[in-house]
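I opened this model to look up a few local features. The entries below follow the order in which I went through them.

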Amino acid sequence: MVRELFNSIAERYDLANRLISLNLDCCWRRRTCEEALEALSPAGGRISVLDVACGTGDMLRCLKKKLDEKGICAEFYGLDCSENMLEVAKKKVPFARLVPGFAEEMPFDDESFDFITVAFGVRNFFDRRKAIGELYRVLKPDGVLAVLEFSRNPSILGKLAWFYTERVVPLVGGLITGNKKAYSYLAESIGKFPYPEELAKEFESAGFSTLKLRWLFPRIAFLLLLRKGR
Ligand SMILES: C[S@@+](CC[C@H](N)C(=O)[O-])C[C@H]1O[C@@H](n2cnc3c(N)ncnc32)[C@H](O)[C@@H]1O
């Protein structure tokens with residue numbers, strides 16, 4: 001169901017994101033890359049980076065820019081279950097190896113990656129526990145995992161952002177992509193998603209340790225930074 005949903009909106013996904021979030025989605029990805037890279041201690045040489053649920057490749061593009069700025073050599077991989085999202089990504093991130101597949105069963109060897117990101121993907125996984133296990137398996141010991149997601153926040157700002165997401169986003173997203181249901185699903189999936197602290201506990205139960213958990217303006221998105229190992 002989720003794959004079909006993203007296949008149907010792939011062509012206009014980027015435009016809808018920029019307009020609906022007033023470009024904030026780019027700031028959230030940028031902040032995620034910057035903070036995650038601070039936690040990363042490359043031992044020299046080339047590192048392996050994986051973006052899970054990479055969609056149209058925005059996170060990969062941001063990662064490449066930030067790693068280039070830091071002079072860190074990397075090979076980039078993107079995994080996604082929607083072939084249409086990957087089609088769009090192919091044109092935007094020619095430097096990355098884009099692999100079709102599910103987070104719940106990743107086609108990668110154990111301990112393949114130094115650094116993994118998942119932006120707005122965890123909420124969509126059909127078996128979150130299994131996917132978290134896979135993230136743990138393919139990450140190297142001491143590797144860093146950055147999760148960027150939406151959740152509800154009880155502050156006034158958070159409540160306003162939630163109202164916008166629930167009431168306005170389906171109308172605007174529907175107008176841009178012709179698929180209002182896809183954007184009603186956004187609020188529905190956020191509504192059912194655990195709060196950030198609960199999500200962090202799920203990762204900790206799988207063997208990760210939490211490095212950082214913080215809300216991003218305007219308190220509808222949050223960043224969870226984890227390390228593999230205790
Ligand atoms: C909201 S989009 C986020 C895309 C991108 N990360 C970004 O920041 O724009 C969610 C993506 O997750 C993918 N996805 C959903 N469930 C998945 C799963 N179980 N395994 C792999 N990809 C999945 C969808 O195809 C979609 O491209």
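For the neighbour lists I took contact to mean heavy atoms within 4.5 Å. The model is predicted, and I read it as such.

**Entry: asparagine 17**

I began with asparagine 17, which sits in helix H1. Leaving out residues up to four places away in sequence, I found asparagine 17 touching Leu22, Asp25 and Arg29. Buried or exposed, I asked of asparagine 17? Asparagine 17 is buried, at a relative accessible area of 14%, because the cut-off for buried is under 20%.

**Entry: second largest pocket**

Arg29, a contact of asparagine 17, came up again when I listed the lining of the second largest pocket. The other lining residues are Arg18, Cys26, Arg30, Asp58, Arg61, Cys62, Lys65 and Lys66. I noted a volume of about 180 Å³ for this pocket. Which elements give two or more residues to the lining? They are helix H2 (24-39) and helix H3 (58-69). H3 provides the largest share, five residues. Sorted by class, the lining holds seven charged residues, two nonpolar ones and no polar ones.

**Entry: cysteines**

Cys62 in that lining led me to the cysteines. How many disulfides does a search of the whole structure find? The search finds zero. Cysteine 33 is in no disulfide, and its nearest cysteine sulfur, on cysteine 62, is 3.4 Å away. A disulfide needs the two sulfur atoms within 2.5 Å, so the 3.4 Å between cysteine 33 and cysteine 62 does not qualify. I also noted that cysteine 33 is buried, with a relative accessible area of 1%. Cysteine 54 is in no disulfide either; the nearest cysteine sulfur is that of cysteine 81, 9.8 Å away. Cysteine 54 counts as buried at 6% relative accessibility.

**Entry: nonpolar cores**

I then turned to the largest nonpolar core, which has 53 residues. The members that touch the most other members are Trp28, Val49, Leu67, Phe76, Phe115, Phe150 and Tyr183. Helix H1 (residues 2-20) gives this core its largest share, eight residues. I listed the contacts of tryptophan 28 beyond four places in sequence: Phe120, Leu148, Phe150, Leu216, Phe217, Pro218, Ile220 and Ala221. There is also a second, separate core of 29 residues, with Leu199, Trp215, Phe222 and Leu226 among them.

**Entry: alanine 36**

Alanine 36 lies in helix H2. Its relative accessibility is 0%, which counts as buried. Which residues does alanine 36 contact once neighbours within four places in sequence are set aside? I found Phe115, Val144, Ala146 and Leu225. Phe115 is also listed among the residues of the largest core that touch the most other members. I checked alanine 36 against glutamate 204 as well: they are 168 residues apart in sequence, and their C-alpha atoms are 17 Å apart in space.

**Entry: proline 154**

Last, I looked up proline 154. Where does proline 154 lie? Proline 154 is in the loop between strand S5 (139-150) and helix H6 (156-177). Proline 154 is exposed, with a relative accessible area of 65%; the cut-off for exposed is over 50%. From proline 154 to arginine 219 I noted 65 residues in sequence and 9.0 Å in space, C-alpha to C-alpha.

Methods:
Residues numbered from 1 in each chain as written. Predicted model: local features only at pLDDT ≥ 70, side-chain atom pairs only at ≥ 80, totals over all residues. Heavy atoms only, no water. Buried < 20%, exposed > 50% of the residue type's maximum accessible area, 1.4 Å probe, protein only. Core = buried A, V, L, I, M, F, W, Y, C linked by side-chain atoms within 4.5 Å. Helix = DSSP H or I, 4+ residues; strand = E, 2+ residues; numbered from the N terminus. 1 Å grid on protein atoms, 1.4 Å probe; cavity = no way out; pocket = protein on both sides within 12 Å on 5 of 7 lines; lining within 4 Å. Points joined across faces, edges and corners; volume = space filled by probe spheres on them. Nonpolar A, V, L, I, M, F, W, Y, C, P; charged D, E, K, R; others polar.
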